[in-house]
Amino acid sequence: MGARRNIFRFRLELPQGRGMLKGTYTKPVPTSPTRRAFIGALSAIGCLPAAENGWIELFDRRSLENWRPSENKASWKVVEGCLAADGPRSHLFYHGPVNGAMFRNFELEVEALARPGCNSGVYFHTAYQETGFPEKGFEIQINNTATGEGSYRERKKTGSLYGLRNVYRQFIADDQWFRIHALMRGKNVQIRLNGMLVVDYTEPTPPIIPAGGERERFLDRGTFALQCHNNGSRALFRSVRVRPLPDDTPTPTAAPQVDETFRDIINLGRHNYPMVDYHVHLKGGLTLEQVIAKSMRDGIEYGIAVNCGQGFPTENDEAARQFVESLKGQPVFIAMQAEGREWTQMFSRRAAALFDYIFTDSMTWTDNHGRRMRTWIPEEIGTIADQQEFMDTLVDRAVGILSHEPIDIYANPTYLPDQLAKDYETLWTDARRKKVISAAVSNGVAIEINNRYRLPSASFIKMFKAAGAKFTFGSNNTGPEDLKRAEYGIQMIHECGLTWQDFFVPGDGPKAVERKGGALKA
Ligand SMILES: [Zn+2]
């Protein structure tokens, strides 16, 4: 009983009150009366730690009792009441009495802290394995700032259901305690970071197991494990709490519609392609809730962009700041779509830096006769008398934008007005292509593979790739119907042989606003 009281007292002394945590649990699923009675009886005789509303702490804060490390066993220690991962690769498996260390449905809450450059994780439905990364079960990734070893670049951030549903945006800071909450019910697993839903995955039947090392990555049952990924990856865990749920807990969601795109998204994500659509507008009735629901269902992360420029709803720093504020705490990237060429004098460097990235296109410019035009509006273009002159001006403006404006991504690239589109392949001569490609590559601007216009063409993308350009996916949707799953981008990956190294993710290097912010107003 003394141990029970100790644990209870320790909880009260935690710096961030437990009371707040309770409010974040969604729809608690009742534990079966038999299990409750069973756990209660064991607790009373001191075999199990105390259960609080069905929650049971698996770590006694003093020892590695009930935990079994694999391979480099000295990589795990208890330091000041925390499980500390520090050393060469080892996984620490729970093998204590709670539920016989065999969990199917559960709620799990882990409080963790990752040091800079740390790769770690929490496995479930796994089984003890003496060496290597666990082949059975799933990993909830912990990685805020680890960039990978050798030539590999790790892009799956904290909260990812590793290889199946990846999080590409960094939501958690190093050296700060955070909560991972996993809710496993039937075929559905939800992952929350500090209360924010980042993964809501329902496994299809039969399950999709991406080609890779994890041959037994399907929902089953098993124990939990913590990861010490490699020497230099240092993590702390101060609580690993579980609330077992009945084996017959129903799946709360419908089975997903599995088609070729659904499979492609999982397999490409597993092989390190960042499955992010960076060009989404909350327009035409599309709501943030719909975007997030689609993101969870389809396995694509989205970047929500606001149009910033003359004649657009966002015309100054304050409006830009409000937009960024409105998306704080949401599982999306936050983007600035810069409009027209005036934007650089309308927004300050500081406001532009609030966004995860900035993109623009070359669809708005002023021609050599002083006429400002938006090239997708036929009335503003008029009849193009000299197609060659138009093309040369377009190339000149595109090169100017790529060279001088602080943008991370070039959107709607190589777009031509309707009256020229049928001659796209010939009007885009090799010489013109090379100018645009060279400007993009030398200025570190990624090329959007645009789903709406199906641009650039495959021949153009191959030339971009050969020159070392980086790519992104973008919908540029007008409403809910044309927010897609990067179908054209996936087609281009296959058709043009694009590799994961050919793709851009924000945070890979300094942002454009850091490199070229001097172009913006003070
Ligand atoms: Zn747009």
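A residue counts as buried here if 20 or more other C-beta atoms lie within 10 Å of its own, as exposed if 12 or fewer do, and as partly exposed in between, with C-beta atoms placed from the backbone. Helices (H or I, at least four residues) and strands (E, at least two) are DSSP runs, numbered from the N terminus.

The model is a predicted one: local features need pLDDT of at least 70, side-chain atom pairs count only at pLDDT 80 or more, and totals for chains, interfaces and linings use all residues. Residues are numbered from 1 along each chain as its sequence is written.

**Exercise 1. The whole chain**

Work out how many helices and strands the chain has, and what its radius of gyration says about compactness.

Solution. Start with the count: 15 helices and 23 strands. Next, take the radius of gyration over C-alpha atoms and set it against the globule rule, 2.2 Å times the number of residues to the power 0.38. The chain comes out at 26 Å, close to the 24 Å from the rule for 522 residues, so it is as compact as a globular protein of that length. The C-alpha trace spans about 90 × 45 × 40 Å along its principal axes. Then look inside: 44% of the 522 residues are buried. Finally, turn to contacts, meaning pairs whose C-beta atoms, placed from the backbone, lie within 7 Å. Of the contacts with a separation of 6 or more, 73% are between residues 24 or more positions apart.

**Exercise 2. Two domains**

Find where the domains run and what kinds of residue domain 1 brings to their contact.

Solution. First, get the bounds, which come from an automatic or database domain assignment: domain 1 covers 56-245 and domain 2 covers 275-519. Their centres, taken over C-alpha atoms, are 36 Å apart. Now count the contact: 11 residues come from domain 1 and 11 residues from domain 2. For the classes, Ala, Val, Leu, Ile, Met, Phe, Trp, Tyr, Cys and Pro count as nonpolar, Asp, Glu, Lys and Arg as charged, and the others, Gly among them, as polar. On that basis the side of domain 1 touching domain 2 has 5 nonpolar, 2 polar and 4 charged residues.

**Exercise 3. H4 against H14**

Describe how H4 and H14 pack, then say which residues of H14 are buried.

Solution. Two packed helices are described by the angle between their axes and the distance between the axes. Axes are lines fitted to C-alpha atoms, for helices over the stretch in contact, and angles run from 0 to 180 degrees between N-to-C directions. For H4 (residues 260-270) and H14 (residues 487-496), the angle is about 65° and the axes are 11 Å apart. Next, the residues: Thr-261, Asp-264 and Leu-268 of H4 meet Glu-487, Ile-490 and Ile-493 of H14. By class, that contact divides into 3 nonpolar, 1 polar and 2 charged residues. The buried residues of H14 are Tyr-488, Gly-489, Ile-490, Met-492, Ile-493 and Cys-496. Their cover includes H4, E22, H13 and strand E23 (471-474). Right after H14 sits Gly-497, with a positive phi near 65°.

**Exercise 4. A glutamate in a strand**

Decide whether Glu-139 is buried or exposed, and list what it touches.

Solution. Place it first: Glu-139 lies in strand E9 (residues 138-143). Then count neighbours; Glu-139 has 24 other C-beta atoms within 10 Å, so it is buried. Leaving out residues up to four places away in sequence, Glu-139 touches Gly-121, Tyr-123 and Tyr-162. Leu-226 is 87 residues away along the chain, yet the C-alpha atoms of Glu-139 and Leu-226 are separated by 9.1 Å.

**Exercise 5. Backbone oddities**

Say which peptide bonds from Thr-205 and between Leu-455 and Pro-456 are cis or trans, and where Asn-194 and Asn-412 sit.

Solution. Begin with the background: most residues other than glycine have a negative phi, and most peptide bonds are trans. The bond from Thr-205 to Pro-206 is cis, with omega near -5°, and Pro-206 is in the loop between E12 and strand E13 (223-228). Leu-455 and Pro-456 are also joined by a cis bond, omega about -10°. Now phi: Asn-194 has a positive value near 45° and sits in the loop between strand E11 (188-193) and E12. Asn-412 has a positive phi of about 45°, in the loop between strand E21 (409-410) and helix H10 (418-421). Last, burial: Asn-194 is partly exposed, with 17 other C-beta atoms within 10 Å, whereas Asn-412 is buried, with 21.

How values were computed
Two residues are in contact if their C-beta atoms, placed from the backbone, lie within 7 Å.
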